[in-house]
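Me: I should like to learn how to read several features of a protein model. Could you take them in turn, with the general idea before the case?

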Amino acid sequence: MSRQRSMEAILASEFVTIGELVRLTDSRYSTLKFYTEEGMLPFTQAEENLTRRYKREETVARIHFIKELRASGLSIPQIKEALNKDS
C-alpha cells in the first residue's frame with residue numbers, strides 16, 4: 001500500500017520529496033533525479049533516513065523555469081549557466 005501524502009498535505013508543506021515534485025510538476029522522476037545530480041535542484045538531506053527534501057515553492061518555480069529554458073532549445077550546460085546567474 002502506498003504511503004503518498006494527499007495533494008492538500010503536499011501543498012501545505014514547506015518541504016517535499018522528489019516523488020511529490022513529480023506530482024506537482026508533471027515531470028518524470030528520472031528527469032528530476034538527473035537535475036538534482038547535476039546540481040540544478042538544491043535540497044536538504046535529513047540525517048535520519050537520508051531523504052532529500054526540496055523547498056516546495058522555490059523548487060517548483062525552478063523546475064518550471066528549467067522547462068521553459070529546455071523548450072526554448074537551451075542545452076543542459078546553458079541552463080546550468082542561466083540558473084547560476086539567476087541565483
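Reply: The turns below treat a helix, a pocket and two single residues. This is a predicted model, in which local features need pLDDT of at least 70 and side-chain atom pairs count only at pLDDT 80 or more, while totals for chains, interfaces and linings use all residues. Residues are numbered from 1 along each chain as its sequence is written, and side-chain values use heavy atoms, with hydrogens and water left out.

Me: What span should helix α4 have, and why?

Reply: Helices (H or I, at least four residues) and strands (E, at least two) are DSSP runs, numbered from the N terminus. The expected span of a helix is 1.5 Å times one less than its number of residues. Helix α4 covers residues 56–71, so its 16 residues should span 22 Å, and the end C-alpha atoms are indeed 22 Å apart. Just after α4, Gly73 has a positive phi of about 95°.

Me: Which residues of α4 are buried?

Reply: An α-helix has 3.6 residues a turn, so residues three or four places apart point the same way. Buried means under 20% relative accessible area, exposed over 50%, and partly exposed in between (1.4 Å probe, protein chains only). In α4 the buried residues are Arg56, Thr59, Val60, Arg62, Ile63, Ile66 and Leu69. They pack, by contact (heavy atoms within 4.5 Å), against elements including α1 (7–12), α3 (29–37) and α5 (76–86).

Me: Is Ser27 buried or exposed?

Reply: Ser27, in the loop between α2 and α3, is buried because its relative accessible area is 11%. Leaving aside neighbours within four places in sequence, Ser27 is in contact with Val22, Leu32, Ile63 and Lys67.

Me: Where does Pro77 lie?

Reply: Pro77 belongs to helix α5 and counts as exposed, at 58% relative accessibility. Its C-alpha atom is separated by 19 Å from that of Ala61, 16 residues apart along the chain.

Me: Which element gives the most to the lining of the largest pocket?

Reply: Rolling a probe the size of a water molecule over the atoms shows where empty space is left. On a 1 Å grid over the protein atoms alone, a pocket is an open set of points where a 1.4 Å probe fits, with protein on both sides within 12 Å along at least five of seven lines; lining residues have an atom within 4 Å of a point. Here α2 gives the most, with three residues. The lining includes Arg3, Phe15, Glu20 and Arg53.
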